[in-house]
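Visitor: I would like to learn how to read a model of this kind with some care. Could you take me through it step by step?

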There are 2 protein chains.
Amino acid sequence: MDTDYVHGYSAEEQQRLLDQAGALVDLLHVDTAYPAGALVLEAGCGVGAQTVTLARRSPEATIVSIDVSAESLAAARARARDAALPNVTFARTDLYAPPFAPRTFDHVFVCFVLEHLRDPAAALGVLRRLLRPGGTITVFEGDHGPTVFHPESEAARRAIACQVELQRRAGGDAMIGRRLYPLLAGAGFADVRVSPRMVYVDASRPALVDAFTRRTFTAMIEGVRAPAIAAGLIDADAFDEGVRALRRTAEDDGVFCYTFFKGVATG
Amino acid sequence: MDTDYVHGYSAEEQQRLLDQAGALVDLLHVDTAYPAGALVLEAGCGVGAQTVTLARRSPEATIVSIDVSAESLAAARARARDAALPNVTFARTDLYAPPFAPRTFDHVFVCFVLEHLRDPAAALGVLRRLLRPGGTITVFEGDHGPTVFHPESEAARRAIACQVELQRRAGGDAMIGRRLYPLLAGAGFADVRVSPRMVYVDASRPALVDAFTRRTFTAMIEGVRAPAIAAGLIDADAFDEGVRALRRTAEDDGVFCYTFFKGVATG
């Protein structure tokens, strides 16, 4: 169980996760839908940022969404209630020891979760045992490594490195996206197929400039300002310079790119 | 005119460019085709690695392919002859001062050229003036920045950095991909649309492991071994360690990702 969730549990962070989910719906969910009657485990649903989309896109599937945080689950439940989703149920449980019998689920969905785990390989092993024969797992994870922007900025890179380091100290890996293939194959999954999903943002896509560059990525980095300074990773001026440089990439001649990876495999 | 072409003009390098073109045809050309009767300028055709695909995909367009290197043009002409392409003609000319009247071409195609130019903005200005009203420009460029791989390796990053630095010293920019939007918009083009094309390679795609990870990217880095050592950027052992680390990413649990950017705009 990881309690040092790097992004924190603040209201601002919850809004950021929801903004992110909105901006990324097409990119991440466009080819994710489950058939009528399918029983789907959403492992690590957090505040439900993906749950609503998942449930809406598969209205005749049944979604069981689990998370270790009671506070996050409460937020997820409220969102599901507001969205009047009839096909989602929630349960508080540790991802490493879920209270379900082997071969319970037709499919497993995992989004932005492995990056926070101390032992993602073990978690995938647990999830694989929950799958019925022929069932699939779908995993989305980001990777800070391919992040590029214009204008280039060492200050921005230093601020981003603080988030990477804090996540590492909490047992996670902000560069896990590139590892989906070896992680899934190593956990015994078959037919592993991974595809990258780069979010490319320039001024020709103003909604994405706002929703992704500003309110998703830059906001995520801003969110580690206090812990990064407290941990002695950076001083306030240097951090703020980095955030300004990230904001600069949202101007009219700026460009920002971030990459997610989607992995699909059978159990 | 840039004579310090970072990749060199060797036979091995010509083969690498052709391997690369083969591996990337789908990724780069899938949405590039010109209608019957169109007059298309391929600016900087080099050894013709893209020319054959370009001409075959637009069999009723007329392609005029130019390059500054007589040696490259000879290779390109031989390839076009071998491929029995009836719709391509070649001309040796400087990209900055082509001998064509303004508004001569319906479309311009530029692939892996701007990265080698000292003044890509000026080159785009020249090309824009060659376009008829409403004509389009299509530009492909790579960017080493988003390159990630597994296993991660500092040695590999140092070897890659040699290629970036040599290209910079030759007046080029191995990170130009991310700048296509500001470059095209700044040169006066309208309706600029840029999309990233990430080449993602793992063991589930063995042909791409060979064609891209080994024979395109790793071979490109290996190609700067002698000049990198001669320039004092790295010693032989460190360089070779980096190349071994890149080759390691082509093994069964390895992953390699490289990103190209495609820009399309109207003149």
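Guide: We shall take confidence, symmetry, the interface, salt bridges and backbone geometry in turn.

Visitor: What should I know about confidence before I start?

Guide: This is a predicted model, and the predictor's own scores are the place to begin. Chain A averages a pLDDT of 92, with 91% of the residues scoring at least 70, while the complex as a whole is given an ipTM of 0.89 and a pTM of 0.90.

Visitor: By what turn and what shift can chain A be laid on chain B?

Guide: In general, two copies of a chain are related by a rotation about an axis and a shift along it. Here a turn of 180° with a shift of 0.0 Å along the axis lays chain A on chain B, and the RMSD is 0.0 Å. That is the relation of a two-fold axis. The residue of chain A that comes closest to this rotation axis is P146(A), whose C-alpha lies at 1.8 Å. The same surface serves both copies, since 100% of the contact residues of chain A recur in chain B.

Visitor: How many residues does each chain bring to the contact, and how much area do chain A and chain B bury between them?

Guide: The size of an interface is often given as the accessible area lost when the parts come together. For this pair that area is about 2300 Å², of which 64% is on carbon and sulfur atoms, and the contact takes 28 residues from chain A and 28 residues from chain B. Between the two chains there are eight residue pairs in polar contact, counting those with both residues at pLDDT 80 or more.

Visitor: Which elements of chain A supply the side that touches chain B?

Guide: At least two residues each come from β5 (131-150), α6 (180-186), β6 (190-202) and β7 (255-266) of chain A. The largest share belongs to β6(A), which gives eight residues. Sorted by class, the side of chain A that touches chain B has 14 nonpolar, five polar and nine charged residues.

Visitor: Where should I look for salt bridges across the interface of chain A and chain B, and how many are there?

Guide: Side chains of opposite charge can pair when their charged atoms come close. The rule finds two salt bridges across this interface, and one pairing to inspect is R178(A) with E152(B), where the closest N and O atoms are 2.7 Å apart. Over all chains the count comes to 30. Among them is a pair within chain A, R197(A) with D31(A), whose closest N and O atoms are 3.0 Å apart. This pair links distant parts of the chain, with R197(A) in strand β6 and D31(A) in the loop between α1 (11-29) and β1 (39-43), 166 residues apart.

Visitor: Which peptide bond of chain A is cis, and what is the sign of phi at A84(A)?

Guide: Omega and phi are the angles to read here. The bond from H150(A) to P151(A) is cis, with omega near 0°, and P151(A) lies in the loop between β5 and α5 (154-169) of chain A. In chain B a cis peptide bond joins H150(B) and P151(B), with omega about 0°. As for A84(A), which is not a glycine, its phi is positive at about 55°, and the residue is placed in the loop between α3 (70-82) and β3 (88-92) of chain A.

Note on methods:
Residues numbered from 1 in each chain as written. Chains lettered and ligands numbered in written order. Heavy atoms only, no water. Contact = heavy atoms within 4.5 Å. Buried area = accessible area lost by both parts, 1.4 Å probe. Salt bridge = Lys/Arg side-chain N within 4 Å of Asp/Glu carboxyl O. Polar contact = N/O pair within 3.5 Å; in protein donor to acceptor, adjacent residues only side chain to side chain. Helix = DSSP H or I, 4+ residues; strand = E, 2+ residues; numbered from the N terminus. Nonpolar A, V, L, I, M, F, W, Y, C, P; charged D, E, K, R; others polar. pLDDT = per-residue confidence, 0-100. Least-squares fit on C-alpha atoms with pLDDT ≥ 70 in both.
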